[in-house]
Structures are given as C-alpha cells and as structure tokens.
Number of protein chains: 4
Amino acid sequence: MAYRVAVLGASGYTGGELLRILALHPEAEVVVATSREYAGKPIHFVHFNLRGWYRGLRFSPFSVDAILKKEVDVVFSALPHGVGLEYTKTFYESGLTVVDLSADYRLKDPEAYKRWYGFEHPYPDLLEKAVYGLPELHRDELKGAKLIASPGCNATAAILALAPLVKEGLIDTNRVLVDVKVGSSEGGSKPTRGSHHPERENAIRPYEPRGHRHAAEAEQELSRLAGAPVRVSLVPHAVSAIRGALASGHAWLTREADEKMLLRVYASFYRESPFVRIVYGTPPGYPDPKYVAGSNYADVGFAVEERLGRVTGFAAIDNLVKGAAGQAVQAWNLAAGLPEDTGLRILPLKPA
Amino acid sequence: MAYRVAVLGASGYTGGELLRILALHPEAEVVVATSREYAGKPIHFVHFNLRGWYRGLRFSPFSVDAILKKEVDVVFSALPHGVGLEYTKTFYESGLTVVDLSADYRLKDPEAYKRWYGFEHPYPDLLEKAVYGLPELHRDELKGAKLIASPGCNATAAILALAPLVKEGLIDTNRVLVDVKVGSSEGGSKPTRGSHHPERENAIRPYEPRGHRHAAEAEQELSRLAGAPVRVSLVPHAVSAIRGALASGHAWLTREADEKMLLRVYASFYRESPFVRIVYGTPPGYPDPKYVAGSNYADVGFAVEERLGRVTGFAAIDNLVKGAAGQAVQAWNLAAGLPEDTGLRILPLKPA
Amino acid sequence: MAYRVAVLGASGYTGGELLRILALHPEAEVVVATSREYAGKPIHFVHFNLRGWYRGLRFSPFSVDAILKKEVDVVFSALPHGVGLEYTKTFYESGLTVVDLSADYRLKDPEAYKRWYGFEHPYPDLLEKAVYGLPELHRDELKGAKLIASPGCNATAAILALAPLVKEGLIDTNRVLVDVKVGSSEGGSKPTRGSHHPERENAIRPYEPRGHRHAAEAEQELSRLAGAPVRVSLVPHAVSAIRGALASGHAWLTREADEKMLLRVYASFYRESPFVRIVYGTPPGYPDPKYVAGSNYADVGFAVEERLGRVTGFAAIDNLVKGAAGQAVQAWNLAAGLPEDTGLRILPLKPA
Amino acid sequence: MAYRVAVLGASGYTGGELLRILALHPEAEVVVATSREYAGKPIHFVHFNLRGWYRGLRFSPFSVDAILKKEVDVVFSALPHGVGLEYTKTFYESGLTVVDLSADYRLKDPEAYKRWYGFEHPYPDLLEKAVYGLPELHRDELKGAKLIASPGCNATAAILALAPLVKEGLIDTNRVLVDVKVGSSEGGSKPTRGSHHPERENAIRPYEPRGHRHAAEAEQELSRLAGAPVRVSLVPHAVSAIRGALASGHAWLTREADEKMLLRVYASFYRESPFVRIVYGTPPGYPDPKYVAGSNYADVGFAVEERLGRVTGFAAIDNLVKGAAGQAVQAWNLAAGLPEDTGLRILPLKPA
C-alpha cells in the first residue's frame, strides 16, 4: 500500500537523489519521473548508479494530466525556481501532497521574492499555507502538511549552525556572517565554463559574495526563533569536493558563554532530531561534510574564541541529501505520519 | 534471532566497512569489534561516519577466549596477512563460521605462499577446506561453507573482467596483462609518506609493477575456469581517488569475436549474479568505479580493437566493498543460507 | 632581435600554455594571438594566470593577411585537426616557420588520415616535408626545419616509454599494449557533460578503448626505429588529475633482459636529451606525471616481471607541456638554432 | 658573483620551494642544504621535481661551523618555530643576512610569544631589529635588512586582504573575521592521521577555530596601519587542494563605500607592489588561489553587501610561495638591493 510518487525534474542531481532514496523507501513507489531532455530513456541512462533499478520506468515528458491520471499521491518537484509554480499549485489544489524543492514557497514575505528572486510571487496565499520543510524547526507543523517548501542547502546549513545560539539569545544578531564552503554538485548537473573539471577542481572561489539569496531563508527562520530581526550575511565559496556544504556561522557573544555551556545548548536544542549529530570533543573535533556524504545527517558543532568573544557555529551536510532530496523525504515522512527516518537509514561512508 | 558477529581488526578501513554494512544487516548483530590501538574507545572515535550507531559497543582488545565466551557465530577477520592465521584456525575448529579477508586461505597451493607471501603456510589442509569467496565463481560451494577466503580487491576486479573470456577460450592465456587503477584507500588506514595528501593526490603512479601478488589469485581462479594454466601479469597504478579499482584486462583473441558476441558471453556468464552489472552501449559506455562507490556492485564491460585482435575486459568495483567487506558479507550470506543481497541493498551515489 | 610569433587558437589550453611559455622566452615576442570567441578581449580575460602580462596584446580574429602584415616569423598553430590545414600551408609557403600542434602533418602515410581521422589529406607532399617534432627522435632533422608536426600527447608518452626497447629489438612488436592514464585537461577547454566536475572528478574511465588514434603516430615512429612494423594498441583512461599523462607500455621480452641492462639501454638512448629524466632506484621509484607538471620534462622508467618475461616502459609527461606547447617550443628552438631548452627552464612543483 | 646561500631545513616543503626558486635565481648559489633525516642523500631523493638539478649538492646535517666555514652570505631558515632561534642569532651576529621563515622573529611584543607560542622569547632585542618581511608593507625597511622575519601564510593572506580597508579607516576594527581556506601542504611534509589521503581529500574542516596564532601577526601589522588596535579573529579551514590559501576578510563598513571606491583604494594601496594583482570585474571575478599556484603572486579583491554594510576583502596566495619561500626571496631581494622580482618571474599555470 505504498504511496504513489511523481518526481518532477528527475534527471538532475536532486531528482537523481530522490530516485536513489525512494528506490528503497518502503512506503513509496515512484510511478512518474519527468525529464524534458531525456524523455523516453531509461533511468540509468542518466543515473548510472541506478543501473539495474527502476526497470519498469522511463523518463517521461512533463504533463499535469498524465500525472493526475496516474493517481499520484505525492509530487516531489525538483524543477527550477519559478518554472513549476503553476503546476505545484494545481497539484496542491487537486489534493496531492506537494514537496517543492525549489525556492517557490520558502519565503513568507511576497516582497522578498522581488528582492531576492526578481519576480512577483503570483500566489501569496499559498506562501502562508506552505510549511518550511526543516523538521528540526517545524516538526509539528509538518505533520499532515500538504504543501512543503523544502529549504535551500546553504540555508539549511546556516540555520542548523546558528539556531541554538539565536534561540538562546547568545549572539549579536546584527553581525552574523555565515561563510559557507560548498562542493561542485551544488551548481547542478548542467556543464558550464566554471564547472569544467580543469577549472573547478582545486578551486577556492567566492561566489555571490555580495550576499547569497539563501540568506533570505536564514533570516526568516532565525528571526522567527529570535523573536526579533536577525541579519545574516551569507558568503558561499566553491571548494574542491563534489558533495558537501559546511556553514561556519561566525558571530559575537552578547554575554559570557563557554563551550561547555554551548554543548548543553546545542544538545538540548536538537534532542528530538534524529538526523542532527553533535560533534564535540572527539575526533575529528568539528563537523566535516566528508563524513555525512550520501546520508541525511547534519553534523553540528561550535567553537569559542574567548579572547574576542567570538563564537562560530558549524553545520556540515550533504548538499544533495540533507540539503535537498533527503530533507524533502524526511519532511514528507512527517507529513505522511511515517517515522521520520523511513527510507533514510543510509549510512555515510568513511573514507569517502 | 540474528547471528552474533565478531569483527577482528575493526578499526581499519575494511573493518569499518564491515561495521557500516553489518549495522543495517537484519540478520547480524556485531557483539565484538577488536582493535589493539583503540581498545576502550567508542566505535565513532575512529569511524566518524558511524557517530550515533553502535552505542552499546566499544573496541576491545583481541582475545580468543573473550570471543568464544560471547557465543559468537561468525568471525569476520580483517587482520593483516599472517597475523590471524592461528586464531582463525581456532575459531574454525571451534565450529564458528570464519570469513577471512586476509590472503591467508586464498591460495590452494601451499608453495604459492612461499613465492608470493614469503612464508610457509602452516595449515595446508585448511587451504583445501577453505572456499574462495567470490560468489560469481563459487556460489554453490559457498552454501554452508564454514571457512571462507575472501578475495583480494585487485584479484576480484581482474577475475570478473576476464572470467567470461577465459571460460569461452577466447583469448591467448599466455599474454594477459591486467592494468589496474586504484584509489588511495587500497593502501589501508595507516599514514605513510606515500599516502600523505600532498604526495598522493594527483598521483598516477605504478606500484609493484614487477607483478602484484593478487596475480596469484587471478591465475588460480582463471586457470580453474580455463582448465589449463593462465598467466596473468597484474600491474596496479595508484590514481587520484579514495575508493575504486578499475581492472583493464588486456588480451589477444584466439579467434574472431566482435562486441555483440562478447555481450552475449558476458551477459550469460553473469546471468545469476545480482551484483554484476554489464555496462555496454549506454552512457558512460564503460565501467567506472565512480558509479559503484559505496555499493557491492561490480560493473563489467569490454572493448575490442578489431584491427589488432585485442580485447579488453573491464571491471569496476569499490575496493572496500565488492573488493573486501561487501563481498565478505555476500559470501557469508550464501554460507548462512540467506538471500545473497541481505544487508547489501546499498545504492551507489551519483555524483560522488 | 626576437622572433615575431603568432599563436593561432590562443584561447584554448594549448594556446594558453604557448603564451605562458613564450612570455618568458628570451627570443620570442608574441605579436598575434587569435581567438574567434574572445577577439578583442585581453589575454587575461581567459588566461587568468597571465593577469599582468601581455598588456599590449588582445585576442584577434584569425586572418591570414593580418598575420602576414605583422611580419610574423613563426606560427604556432593550436587550431583543431583539419581546421588550419589551408592556413598552415599558406604560411609555410610564404616562408614562415610553422609549428602545427594539430595532427595535420604528423602522419607520413596519406592513407592513414582516412583510416584514423576520416578525411583525405589534401597535401600529401607536405606530409613528406614535415618533420615530426619529437626532438628525442628527430633532433637532427629539426635543425632548420620550416614545417614541424608537433606530436600528440599520448603518442609522445607512448613513444618515449617504448623507444629504447624497440630500438634494441628487445620486445615482441606484435603484442604491445600501451595503457595510458590522463588528466582532464587532455579533453581541451570546452565544457562537456563528461568534463562537468561532478562527473569527471574521481573518474577512472576508459575512453576510446577500441584503439586511440595516437596509436598511428606511435606505430609510425616505433616502426621506423625498429626497421619493421610495430603494432601498438593504445588504450587511454581518464583519471582524476588536471594535468598529466602516464603511458605504461606493456610488452613481452624476446630475449632475457634484466632491469640493470635496461637501465643502460634507456640511459644510453636518452643521453643527449635534456628533457628526459630516467627514474630508477630512488624514490618515488617510477615515473609519475605529478612531478613533471608544468614543465617540459618526460620522466621515463621501466619494470620487468621476470617470471613472465613481461616488461613495462613508463613515461610521465605534462600533456599540455611536453605533450603539446613545451614540446612545440623545444622543437622550434632546434629549428631556429637556439639552445634546446631556451624558455623551457621551468621547474615542476612539489608538492603539486 | 652570486651570493652564497644556506637553506636550513631543506627537506621540508618550504625548504624544497626555496631550492626550486633559488635553482634559477641568477644571484644566488645554494652551497648548503641541511636535513637531519636525509643527510647524505641527493636533493632529488626528496624533491623529485628537482631531479637533474643540484647535481653537486647533497643534504648535510646541520652545523653552525660548517655553514660559517662555507662562507655563506645568506641563511634561509625553514626550521620549525623555536628550533633555530639560537642559530639564527649566531648567524646574524656573525654578519650573515638571515631570513627566518619560522615565527621566531615575527612578533614585536615579547609577551605575545608566551600567549601564542607558549615560550618566553630569549632575545627581545632581536625582535626590535628584525624586519617583518612583507614587502607590500615594509618595502623601505627591508632595504639593507640583515634579519628578516618572513610572515606566516595565513597572516600574509589576511593582511593583504584587509590592509587597504584598515589603512583608510573604512571598517569596524573590533569585528573582523578572517575565514581562511587552505590546502593540505600548509600542514607540512610529515604524514599524520589527518593528512592521510583518504582522510584529507574532500575535507572541509575547521582547524584551530578557537583562533589561529597567525592572528597575532595580522593584528600587529593591521594595528600599525590603523594607528589603533585592530582585533582579528582568524579561522582556518582545511579544504581539498594541495596548494593555496584564500583569506576572506569579513568586516563591516564604518561609512558608506561602494565597490568602485574600493577599487581605487586597493589599486592605490598596491600601486608599487609587483606581486599583487587586483582581481575585479573580469573573470573569474574574485581571487582564487588556483590561478596563482606555483607563483609569488597575491591576487586581491573585495565585495560589498550594501544591504548590510558588510565588506569582504579577499587575498589568494600559494601558501608555499607568497606564503613562504617566494616571499622570503622577495624580501631578501630587497634587502640585497636586487630587483624585487629577481628569480621570481615564475608564471602560474592554468589549468592547474
């Protein structure tokens, strides 16, 4: 009695990760996988890792009618920002559960779409209905949710790194600098000059250092936690890895706090969260996305420079899993009333 | 009613992979994990990926008595060649199932141990009893086996690349050159000058090019298949990856054969083998260990240069999984009468 | 009184390397650098490494007249195979020295162009006049040469690895298998699906394993040395590095030979060659392109498996330098009567 | 009439880079290269890249007398912090020019050695005499200097990224966070668990996030520029590259400033500095150490997030060259009255 699932934009990296995870999800059956470019091809034509799986399925062109006719229960949309807006609305209004991995429903403030994404959001009412799909902050709201806005990868890492500090009012919320380091898969599956291997490998390169738009999500969620405006400057850097994002959330303490106290704060904040692991005091000492790759874990830690009253919260995730497909499944599990880790008991590799 | 399992040498890479796989194996419970260096430490002290798992277990010093007292059913030994020989004998004779991941029981000919490993094998009778744990060649013998010699990683790749060609008598068995490319994890978890990151990264470096001892296994197994001596020259090269081994088995055809015919030969040879996937005719065209990493798959393919009558069989594996821990579990599954893929339904990542 | 130089196809990787080397060449002044795509842009717009250099020069569209009008003495052509054929002919016939880095003049046999490159060569007479620009084999012919066919990178490595063995008649020339491992820059500067960083990094992937066309050059040159036909099967593999090619030339000995004897054979063969360094008996034991990157060196070595009479010759080069731009400058130096290493005293880095 | 040079600690990475650069320095002749571990071995035994160079030289054990007897003019010391202190003092007092690449003479305040390095500095008078060897800030003082304290790599990057902003009083000097990303060579040539390739590759890992001691140098130099105390929090992260350090110096503006204005500020500050290249407005947009690797360049840039008044100064260097050996030679050139770029006209590679 599995849920019937459609994956939109199934040939990209996020789509591929959804297919990888759902292939072994005991309550899901993928019945539609759309791709404009690869319509008609078998899944493994693109996702070489899935050779031998999804034997009965091929990529299909996108069609609302076809999906509705397939009696789909859940739609995971990995379509680009703006592209799927109409369709996700239709599916939602037709009673399907929609998990949208684009930014289309993440921000509550319609104005923010103009500022950060350059378009006027056509359905402000849906923004109110959508639940921001970060289970660590919205576990209760997600239960029974029908429209889930799955968070951005940098936003996920930034929020998880800083949430406990903000919640406890420990930091100056006017001076928060999240320096993020990300692997190349964050740029998606489309080749560009900058993603060409000889140019991308060994890179240590700022991108969008004038402020990345995932800051909008981080500000929204952290402000909610603080009960007051939090200003977040988010500066990503492309580094040499395929998967992985590490957020180093730098801030200044507003009152004295040592690491022992922070350990209690972090541990307490994430007590109910099965996918957050606190890294403190044992090797490797601090979170490193290398050791969560392929899994839905977020490894979280912190450090204090007492001399200057500076604190840094760290969060390490796999940008395609906890930063995208895994988190989407995690949120949907909650929405569907399934155990939060259904289909997500996937262990990271070491070494990897 | 799970089997009680001991992992010997559990803090190395192969040991870590055994722990990763067995953590989710529904019929196994790891009750002992030995490590001289890390005795007393929690598992995640070494295997950062397993943080949150094995909460009740710590590394323990090796002790035959302690293991016997724990009522262990199966011993997976990842101790170095020669080191565990006595103990595995004891466990075997005490009625436990032994899966030895070292070379100690791989070769049938006691003389070969002198030639390739530099020691006189003390238990030639056990060599006869041991089953070479390559399920693709010994599936029937493995059923009920109590002493399993788990193959070397380069040997696994070399054999899987060439077995169908040898079986069909298609190649000149006096001129077989297996050029293997391997990632850095093949060298184990101990830092050396050559494994120091600045020296190892970007390397393309022959090692043991005068002939690697995994050739002994390949010759043994391929000769058995051919019913006549096969000579294998095996030349590994260290390349820049962490996991992965690609064997390019170069040989010359003894009669005309095109790729279409070879496709039938390979497909037929591996028909019963759930972990071998034939890569032919769709992207990426040929096997690449990148797309099996973390899984127990062996991707196998081939190419013919008709002009010269040269054929190359390819096999891509994760050296730590199909080349070590995964294959050991696969073989043990068969020995224990479990479905061959129990605990091994782990999908590789892409990209990764 | 420097030579006036034009670089055709100057925005690609080979073109960039020519510019890097010629920037410090005391006898060369680059006065033209053509690029269709980047015409009008400064050099550092593409070659970020050259920021601060070539301040007076910009990329220009290709034009025969413009080049002739600039009173150019030497043309280095990094245009793709076939594209520059007419122009290089014109320049040659106008009295300029032409160093062509494409395959257009490498093969002596016009038929071979049909077989390997799929076109009928329009100027078979020029094929005779062209000198194959491998100084280690054609040092004397290069003196005063006006039309130089600069060798392919895989061919360079394959030939340097095997030439001494072939010259001495030590190997069975019917069974020669050159397994080459190459970095991603060999594919050029144009992004493709296969060169996309998440797909290319960590790859260990055969390409053109049915026989790579650089085999044609290797057969031509080695046959010349042997005084009899040599058959070369050349199988490249993409591995995870940006620069570097290692050729492992596997063959079987026709008479007994140990490594001591081979050391003499190799040392003697390359006695006059300042850019060939024999690697034997000291760390790292065998050639590794990692330690020649950025330089014009070819590190050459060998290993014998006495048990089987198998020998492997190794050659490690930087595919963009000794495999392309550096070798072109080296050959031109000889043609111009300059010291062979003029402008090429560039040391490789370690670590790198 | 070259200067006679001794390199102390010549078998490490910094020592190797000194040898690489000095091999082609027209005014230097290396007559001593000390190494405890490799005494008696040829240079290329360790520095494989230098095979064929330094034919007359071997590593020698360290000996003050031997060095003085060799009539050495200049000593470059790459010995570890504290180890060489006595010797460099002796050489200095014997009239030799000393360029010390350790931290032994970098800090002016003797107290700082207790705080940051854990030892009492025995020669506070020498701290006053030593010149901090950052030519971009101390060009005039370096002329004729006899005791040069060559800066730390992270300090170099941090200072170069922020100096113009601090000099102009543009930022809040109480809230400066320098997030540095560094390659694996920064850890030196000695293998450790953390530098083992399978553990280090793909890492994105904070180290010493409680405040790295290079902050002491950055605070000293930036405070001098500001004419008031500047507080610098320096947080390095190990990322996956061999060479390279990128400092992202995050700060908040004290008055309005746009990027156009900053371009003038940076360009003006570095007008006389041949090794600083401003990256702004052309690809790749911002500094990336990838494009300076192997060279003495520092690529410098900046970005403003106007919304929040946040500014980031970037500096990209090769940690072993501009961050160590290259800068040491640059400073010595000035001290010796040679053109600043003597021996340093080495171009970075692209791709690399």
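Where in chain A does Pro284(A) lie? Pro284(A) belongs to the loop that runs between β11 (276-278) and β12 (298-305) of chain A, and a cis peptide bond links Pro283(A) to Pro284(A), with omega at about 0°. The model described here is predicted. This briefing covers the fold of chain A, the backbone features, the relations between chains, and the interface of chain D and chain C.

**Fold of chain A**

- Chain A contains 11 helices and 13 strands.
- The radius of gyration of chain A is 20 Å, close to the 20 Å given by the globule rule for 352 residues, so chain A is as compact as a globular protein of that length.
- Taken along the principal axes, the box filled by the C-alpha atoms of chain A is roughly 60 × 45 × 40 Å.

**Backbone features**

- In chain D, a cis peptide bond runs from Lys350(D) to Pro351(D), and its omega is near 0°.
- Pro351(D) is placed in the segment after α11 (325-335) of chain D.
- Tyr54(C) is not a glycine, yet its phi is positive, at about 55°.
- The loop between β2 (28-33) and α2 (64-69) of chain C holds Tyr54(C).

**Relation of chain C to chain B**

- Chain C is superposed on chain B by a rotation of 180° with 0.0 Å of shift along the axis, and the RMSD is 0.0 Å.
- This relation is that of a two-fold axis.
- Ser240(C) has the C-alpha nearest the axis in chain C, at 2.6 Å from it.
- Of the interface residues of chain C, 100% are also interface residues in chain B, so these copies meet through the same surface.

**Relation of chain D to chain C**

- A rotation of 180°, with 0.0 Å of shift along its axis, also superposes chain D on chain C, with an RMSD of 0.0 Å.
- The residue of chain D that comes closest to this rotation axis is Ile346(D), whose C-alpha is at 4.0 Å.
- Both copies use the same surface, as 100% of the contact residues of chain D recur in chain C.

**Interface of chain D and chain C**

- On the side of chain D, 36 residues are in contact with 36 residues of chain C.
- The size of an interface is often expressed as the accessible area lost when the parts come together.
- Between them, chain D and chain C bury about 3600 Å², and 64% of this area is on carbon and sulfur atoms.
- The rule finds zero salt bridges across this interface.
- Polar contacts across the interface are found for 17 residue pairs, with both residues at pLDDT 80 or more.
- Two elements of chain D, α1 (13-23) and β11 (276-278), give two or more residues to the side that touches chain C.
- The element that gives the most to this side is α1(D), with four residues.
- By residue class, the side of chain D that touches chain C comprises 21 nonpolar, six polar and nine charged residues.
- Charged residues are thus present on this side of chain D, nine of them, while the salt-bridge rule finds zero pairs between chain D and chain C.

Conventions. Residues numbered from 1 in each chain as written. Chains lettered and ligands numbered in written order. Predicted model: local features only at pLDDT ≥ 70, side-chain atom pairs only at ≥ 80, totals over all residues. Heavy atoms only, no water. Least-squares fit on C-alpha atoms with pLDDT ≥ 70 in both. Contact = heavy atoms within 4.5 Å. Buried area = accessible area lost by both parts, 1.4 Å probe. Salt bridge = Lys/Arg side-chain N within 4 Å of Asp/Glu carboxyl O. Polar contact = N/O pair within 3.5 Å; in protein donor to acceptor, adjacent residues only side chain to side chain. Nonpolar A, V, L, I, M, F, W, Y, C, P; charged D, E, K, R; others polar. Rg over C-alpha atoms; globule rule 2.2 N^0.38 Å.
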